[in-house]
Amino acid sequence: MARYKQWRVFTAVLLVAAMAIAVFALLKPQQHVKPVAPTKVAPDNAWVAPEINNDSSLAPETKTLLLYGEELITHTAKYFGPKGIVSNTSNGMNCQNCHLDAGRKSWGNNFGAVAANYPRFNPRAGRLQTIYGRINDCFQRSLNGHPVETATREMQAMFAYIAWLGRTVALNSKPVGSGVEKIAFINRAASPDSGKLVYAAKCAVCHGKSGGGLLTATGMEYAYPPLWGANSYNTGAGLYRLSGFAGFVKNNMPYLQATHSSPLLTISQAWDVAAFVNTQPRPSYDQQNDWKDIKRKPFDFPFGPYADTFSQQQHKYGPFQAFAMVKK
Ligand code: HEC
Ligand code: HEC
């Protein structure tokens, strides 16, 4: 009994001491905290794309070709869409829908790094890929269409424009803010249910309740591009992987409101809305010939087989931290 009492007294003393420490900590919250350096955020205009009209060194025919290339990237559907004047090759989206400001916008999936890094080995295809091949990848996947012949004036113009945009970038380097940003992982699986709420609150107003987007009055291209359904990107596209979608959307959507330095979605919201949108129906793409070397599949490639033992579900939605830990 005495021992029991002693024990109680001892516990009480401990409790009081702990409370005193807690109160002290609460009263003097900041004093012993090490100052934290502000997170480094690269400026939104990390890479400044050149302007065709400001380049006085261009021969007139080169300038005409570049301007045509820019036009094709901006209004792709007018030329290649279901009502296209060159051919009926694509789903009606524009390259610019995903490569903002004709591939010039920092953090907007710009083309800054392309000239400096192609041709390069493409692990998905298992072979060297040229800029032409990469453009056709987007035609076949993001635009759910057919490849465009290299010799056509259209392909030559798009190629020339993209190569010209990045011509001053040092070989094999990537300007800050080019392509799609790899955003931080969250420590749970991305949730289509939570993403549905994000979509209704922040995306549906433009992209539509049913995700089908909105055509312009001429019906030739989209004012607001589709996010799923028959005219959207297919299951082989970069945006079909959650990291691609989340990284693009976090820095750029809602359109003209969110920026890299002041995004409007939290990291979790970006992953969740990616999960929701990529759970909706869309055209499928035969990927049997992709990632022949399965060890090189990206962590969020949503189709097996895999070189590890994680499920297809986890490869699609996460949690992804586990993969990073295994790879370490
Ligand atoms: C639905 C969205 C979407 C559309 C539409 C689209 N792309 Fe892409 N494109 C992507 C994504 C995502 C990537 C991969 C970016 C990354 O990995 O950082 C990409 C990559 C590229 C790249 C390689 C960039 C690099 O730095 O390696 C080129 C070139 C390209 N696209 C050209 C085009 C062209 C030309 C069109 C129109 C014919 C087009 N894309 C349409 C989403 C799209
Ligand atoms: C104010 C209207 C608006 C809102 C709100 C908006 N978007 Fe967009 N979104 C656009 C426009 C316009 C484009 C195409 C930009 C261009 O062509 O220059 C676009 C492009 C996209 C693209 C690439 C093209 C495609 O269709 O696949 C994705 C993905 C996207 N938005 C996702 C979202 C998500 C997710 C949200 C909500 C968090 C959202 N957007 C909110 C207007 C909007």
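**Two ligand shells and a shared core**

Hi everyone, let's begin with ligand 1: helix 4 (95-98), helix 7 (131-140) and helix 8 (153-165) each give at least two residues to the shell around it. Do keep in mind that this is a predicted model. Helix 7 contributes the largest share of that shell, with five residues. In total, 27 residues surround ligand 1, and the closest are C95, C98, C138, G179 and G238. By character, the shell around ligand 1 splits into 18 nonpolar residues, eight polar and one charged. Domain 1 (52-165) and domain 2 (192-327) each provide at least three residues of the shell around ligand 1.

Now over to ligand 2. Around ligand 2 there are 24 residues, and C203, C206, P225, P254 and Y255 come nearest. Helix 4, helix 10 (204-207) and helix 11 are the elements giving two or more residues to this shell. Here the division is 19 nonpolar, four polar and one charged. Once more, domain 1 and domain 2 each supply at least three residues to the shell around ligand 2.

Last, the packing. Which residues of the largest nonpolar core touch the most other members? They are V249, V273 and A274, in a core of 57 residues. Several helices supply at least two residues each to this core, including helix 2 (60-74), helix 9 (192-202), helix 11 (242-252) and helix 12 (267-277). And where does this core lie? Both domain 1 and domain 2 give residues to the core, so it lies between them. If you'd like one residue to click on, try A274: leaving out residues up to four places away in sequence, A274 touches A190, G195, L242, F245, A246 and V249. Thanks, everyone!

Methods:
Residues are numbered from 1 along each chain as its sequence is written. Chains are lettered from A and ligands numbered from 1 in the order in which they are written. This is a predicted model: local features need pLDDT of at least 70, side-chain atom pairs count only at pLDDT 80 or more; totals for chains, interfaces and linings use all residues. A residue is near a molecule or strand if its C-beta atom, placed from the backbone, lies within 6 Å of it. Helices (H or I, at least four residues) and strands (E, at least two) are DSSP runs, numbered from the N terminus. Ala, Val, Leu, Ile, Met, Phe, Trp, Tyr, Cys and Pro count as nonpolar, Asp, Glu, Lys and Arg as charged, and the others, Gly among them, as polar. Domain bounds come from an automatic or database domain assignment. A nonpolar core is a set of buried Ala, Val, Leu, Ile, Met, Phe, Trp, Tyr and Cys residues joined through C-beta atoms within 7 Å. A residue is buried if 20 or more other C-beta atoms lie within 10 Å of its own, exposed if 12 or fewer, and partly exposed in between; C-beta atoms are placed from the backbone. Two residues are in contact if their C-beta atoms, placed from the backbone, lie within 7 Å.
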